[in-house]
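I opened this entry to look up the open and closed spaces in the structure, and then how some of the helices pack. Here is the structure I worked from.

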Amino acid sequence: MTEVTAAPLSHGVRWLHPRRVEALHEALAQRILVIDGAMGTLIQQHGFAEADYRGERFAEGYDRLAPGERVARDLRGNNDLLNLTRPDIIAGIHRAYLEAGADLVETNTFNATSISQADYGLQHLARELNREGARIAREACDATEASTPGQPRFVIGVVGPTSRTASISPDVNDPGFRNTSFDELRRAYADATHGLIEGGADVVMVETVFDTLNAKAALYAIEEVFDDLSARLPVMVSGTITDASGRTLSGQTAEAFHVSLMHARPLAIGLNCALGARELRPHVETLARVAQCHVSAHPNAGLPNAFGGYDQAPDEMATMLKEFATAGLVNLVGGCCGTTPDHIRAIADAVSGVAPRRQGGVE
């Protein structure tokens with residue numbers, strides 16, 4: 001765990017880790033930065049069984065260290081729990097992406113909120129899962145940076161969308177019903193953010209936003225945490241266009257999504273998941289035209305096939321993202337579902353030497 005030390009930097013902003021923020025801004029000014037690829041894709045390649053997810057602490061299907069009722073649950077598929085039961089595997093995935101050329105790695109915390117972990121009866125672990133996820137990524141980045149001191153590496157603390165939506169009823173027969181609330185989301189996101197900061201994250205990213213109201217709750221919670229600490233981290237926001245309509249699940253176009261969330265003064269706004277690079281490009285172009293901050297894109301490796309897999313080869317995806325770069329659309333690129341270290345290596349090679357997008361939009 002890293003010690004939180006606040007210090008002022010510029011424009012009256014008080015940063016938790018000013019030297020790392022300064023290094024990040026300098027890197028963004030110089031080149032297009034590379035975000036890592038999919039975590040779940042590489043975890044799936046290990047073919048873990050139930051016992052691998054449980055480890056010793058959760059051997060009976062519940063947390064031995066937690067008080068209260070002990071009910072056995074199926075924990076297979078709870079990838080965030082691997083931060084506690086198989087940290088070696090998560091660390092290895094981070095190292096593989098860093099060795100492939102990633103400048104920023106995302107924590108294995110996509111579902112590490114109390115809301116999502118409640119599906120496994122492990123909601124009490126949210127802060128611990130985020131803290132450990134950030135700590136593992138921090139150690140990997142520090143080790144890699146020590147061997148390549150001229151290329152700083154950064155930890156993106158990931159806050160996922162949760163398994164619920166504040167804007168849409170899950171019951172077609174009751175449009176007014178909601179299975180969560182703004183305040184419930186706010187509390188869950190605050191808990192996760194505290195853990196990410198305690199573990200050493202450089203940035204907090206609200207990722208794969210399909211419901212803008214969920215994202216607003218996350219951003220509100222993050223600001224509350226910053227207020228508690230009297231200092232802040234840079235914030236990134238990345239939404240997801242769910243289909244060919246060009247809208248998020250809650251009905252917004254990329255431009256409307258941008259307008260709704262720019263009050264948070266993000267370091268970067270972007271898009272990820274759901275679509276491949278080809279399908280995502282027009283929406284990234286929209287963001288690049290209107291955004292007054294940096295723009296990111298980390299799409300899937302093409303569209304999913306009939307078996308739910310992804311077939312786009314590294315070179316093909318890298319060629320597409322190089323077109324994003326040469327058109328002046330992006331400041332950060334990476335990969336989402338279906339991508340591997342080979343994809344990230346190809347992407348890093350493809351955008352090397354290409355000037356980053358100028359802040360303030362493109363013509």
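My notes on pockets, cavities and helix pairs follow.

**Pocket**

I am working from a predicted model. I started with the largest pocket and noted a volume of about 720 Å³. I then asked which residues lie nearest its centre. They are Met39, Gly40, Thr41, Phe110 and Cys337, from a lining of 34 residues.

Next I looked up the elements behind that lining. Helix 2 (40-44), strand 6 (203-209) and strand 8 (268-276) each supply at least two residues. Helix 2 gives the most, with three residues. I also looked at the character of the pocket lining: 20 residues are polar, nine are nonpolar and five are charged.

**Cavity**

How many cavities of 30 Å³ or more does the structure hold? I found one. The largest cavity has a volume of about 40 Å³. Its lining includes Val159, Gly160, Pro161 and Tyr189. The run Val206, Glu207, Thr208, Val209, Phe210 and Asp211 also lines the cavity, along with Asn214 and Ala215. Strand 6 and helix 9 are the elements that give two or more residues here. Strand 6 gives the most, with four residues. I noted seven nonpolar, three polar and two charged residues in the cavity lining.

I had met strand 6 before, since strand 6 also supplies at least two residues of the lining of the largest pocket.

**Helix 9 and helix 10**

From the cavity I followed helix 9 (residues 212-229) to helix 10 (residues 254-261). The two pack at an angle of about 25 degrees, with their axes 11 Å apart. The angle is under 35 degrees, so I call helix 9 roughly parallel to helix 10. Their crossing is right-handed. On the helix 9 side I listed Thr212, Ala215, Lys216 and Leu219; these meet Phe257, Ser260 and Leu261 in helix 10. The contact residues divide into four nonpolar, two polar and one charged. Ala215 also lines the largest cavity.

**Helix 5 and helix 13**

Last, I looked up helix 5 (residues 87-100) and helix 13 (residues 341-351). They pack at about 25 degrees, with axes 8 Å apart. That makes helix 5 roughly parallel to helix 13. Helix 5 passes helix 13 in a right-handed crossing. Which residues meet? Ala96, Tyr97, Glu99 and Ala100 in helix 5 meet Pro341, Ile344, Arg345 and Ala348 in helix 13. I counted six nonpolar, no polar and two charged residues in this contact.

Methods: Residues numbered from 1 in each chain as written. Predicted model: local features only at pLDDT ≥ 70, side-chain atom pairs only at ≥ 80, totals over all residues. Heavy atoms only, no water. 1 Å grid on protein atoms, 1.4 Å probe; cavity = no way out; pocket = protein on both sides within 12 Å on 5 of 7 lines; lining within 4 Å. Points joined across faces, edges and corners; volume = space filled by probe spheres on them. Nonpolar A, V, L, I, M, F, W, Y, C, P; charged D, E, K, R; others polar. Axes fitted to C-alpha atoms, helices over the stretch in contact; angles between N-to-C directions. Parallel < 35°, antiparallel > 145°, perpendicular 65-115°, else oblique. Left-handed = near helix turned anticlockwise from the far one by under 90°. Contact = heavy atoms within 4.5 Å.
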